[in-house]
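Me: I should like to look closely at one part of this protein, namely its nonpolar interior. Please describe that part in a connected way.

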Amino acid sequence: MKIYILCDDYAGYDSRFLAQHGISILIDNGVDRILFDTAQSSDIVLKNMKVLNIDPNSIDLIFLSHCHYDHTGGLYGILSKINGKTPVIAHPTIFRKNLYYKPVLRNVGIPYTRSELENVGGEFILTKSFVKIAENIYSTGEVERNPVYEGEKFTYTLIDGKIVQDNMLDDMSIIIRFDDGIGIITGCSHAGIINIVEHSIKKTGFDRIKMIVGGLHLINMDEKKVLNIARKLKSMNVEKIYAGHCTGIYSHHIFKKVFGKNYHILYSGKIID
């Protein structure tokens with residue numbers, strides 16, 4: 001099993017790789033290659049794939065963790081580089097409007113229509129169920145949530161012409177099943193990373209979390225709450241964390257104190273083997 005960080009907010013130490021606000025991860029189980037999110041620009045992802053000698057046509061399936069542009073913006077360009085049809089797994093509400101007030105009211109959701117993406121080969125499988133998507137790889141589906149651990153709510157959506165708070169129910173993650181535990185790949189953890197871990201344990205029956213990889217969305221959270229989350233994850237048999245994107249610099253510092261050498265910061269070009 002190899003996990004390639006095709007894009008993150010940081011580029012690390014290798015000047016060949018580019019970074020941008022967003023995340024894109026390739027999961028290679030030796031048989032199938034799953035592209036988890038597409039960052040906000042296909043140019044960045046495709047450039048980094050070229051450096052890693054990864055052919056876009058080797059992608060068997062694309063998984064979208066949620067609607068935000070920094071996770072879906074590269075989808076059109078990447079689909080355009082793949083010959084034939086490509087399954088795209090996402091939540092049924094992925095194409096809704098997702099609104100943010102800064103600097104002005106604007107849509108920060110997926111920047112394409114379904115038909116535009118289907119015209120370049122996207123075959124959408126829209127499901128909120130826990131489901132196997134490849135050998136030993138599963139979608140969490142819609143995550144059961146304890147409000148105490150739920151992520152910050154800062155966007156809105158439209159229902160019957162009214163602007164209402166968006167609960168980001170489309171936030172889904174990937175579970176990798178190993179012989180002796182599971183790994184979890186997250187996009188932004190809008191459902192709350194504690195909720196995601198508890199949901200994954202319930203769905204798989206495994207309570208050993210060998211790794212969490214992705215964004216934790218702790219960037220605007222109070223430091224005391226971040227520390228409580230880090231300690232809670234430690235107590236839940238989470239062994240290693242590879243975090244980036246929306247996690248936040250001070251959150252990296254806090255998690256490093258709790259997890260020590262088992263905490264790592266993601267960057268474009270990183271390979272987890």
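**The nonpolar interior**

Reply: In this predicted model, leucine 6 is in contact with Ser24, Ile25, Leu26, Leu35, Val45, Asn48, Met49, Leu52, Ile54 and Ser268, when its neighbours within four places in sequence are left aside. Leu6 also belongs to the largest nonpolar core, which has 29 residues. Leu6, Ile59, Ile62, Leu64, Leu75 and Ile78 are the residues with the most contacts inside this core. Strand S1 (2-7), helix H1 (42-51), helix H3 (75-80) and strand S5 (86-90) are the elements that give two or more residues to it. Of these, H1 gives the most, with four residues. As a general background, nonpolar side chains in soluble globular proteins tend to be buried together.

Apart from this core lies another, of 27 residues, which includes Val143, Leu216, Leu218 and Ala230. Leu216 and Leu218 also help to line the largest cavity, together with residues including Tyr149, Ile193 and Met221. This cavity has a volume of about 50 Å³. Its lining divides into seven nonpolar residues, four polar and one charged.

Aromatic rings may be considered next. The model has nine aromatic pairs. In one of them, the rings of phenylalanine 36 and phenylalanine 63 have centres 5.6 Å apart and planes at 10 degrees; planes under 30 degrees apart count as stacked, so this pair is stacked. Phenylalanine 36 lies in strand S3 (residues 33-36) and phenylalanine 63 in strand S4 (residues 61-63), so the pair ties together parts that are 27 residues apart in sequence. Both phenylalanine 36 and phenylalanine 63 are buried. Elsewhere, ring pairs join Phe255, Phe259 and Tyr263 into a cluster.

Methods
Residues numbered from 1 in each chain as written. Predicted model: local features only at pLDDT ≥ 70, side-chain atom pairs only at ≥ 80, totals over all residues. Heavy atoms only, no water. Phe/Tyr/Trp six-rings, centres within 6.5 Å; stacked < 30°, edge-to-face > 60°. Buried < 20%, exposed > 50% of the residue type's maximum accessible area, 1.4 Å probe, protein only. 1 Å grid on protein atoms, 1.4 Å probe; cavity = no way out; pocket = protein on both sides within 12 Å on 5 of 7 lines; lining within 4 Å. Points joined across faces, edges and corners; volume = space filled by probe spheres on them. Nonpolar A, V, L, I, M, F, W, Y, C, P; charged D, E, K, R; others polar. Core = buried A, V, L, I, M, F, W, Y, C linked by side-chain atoms within 4.5 Å. Contact = heavy atoms within 4.5 Å.
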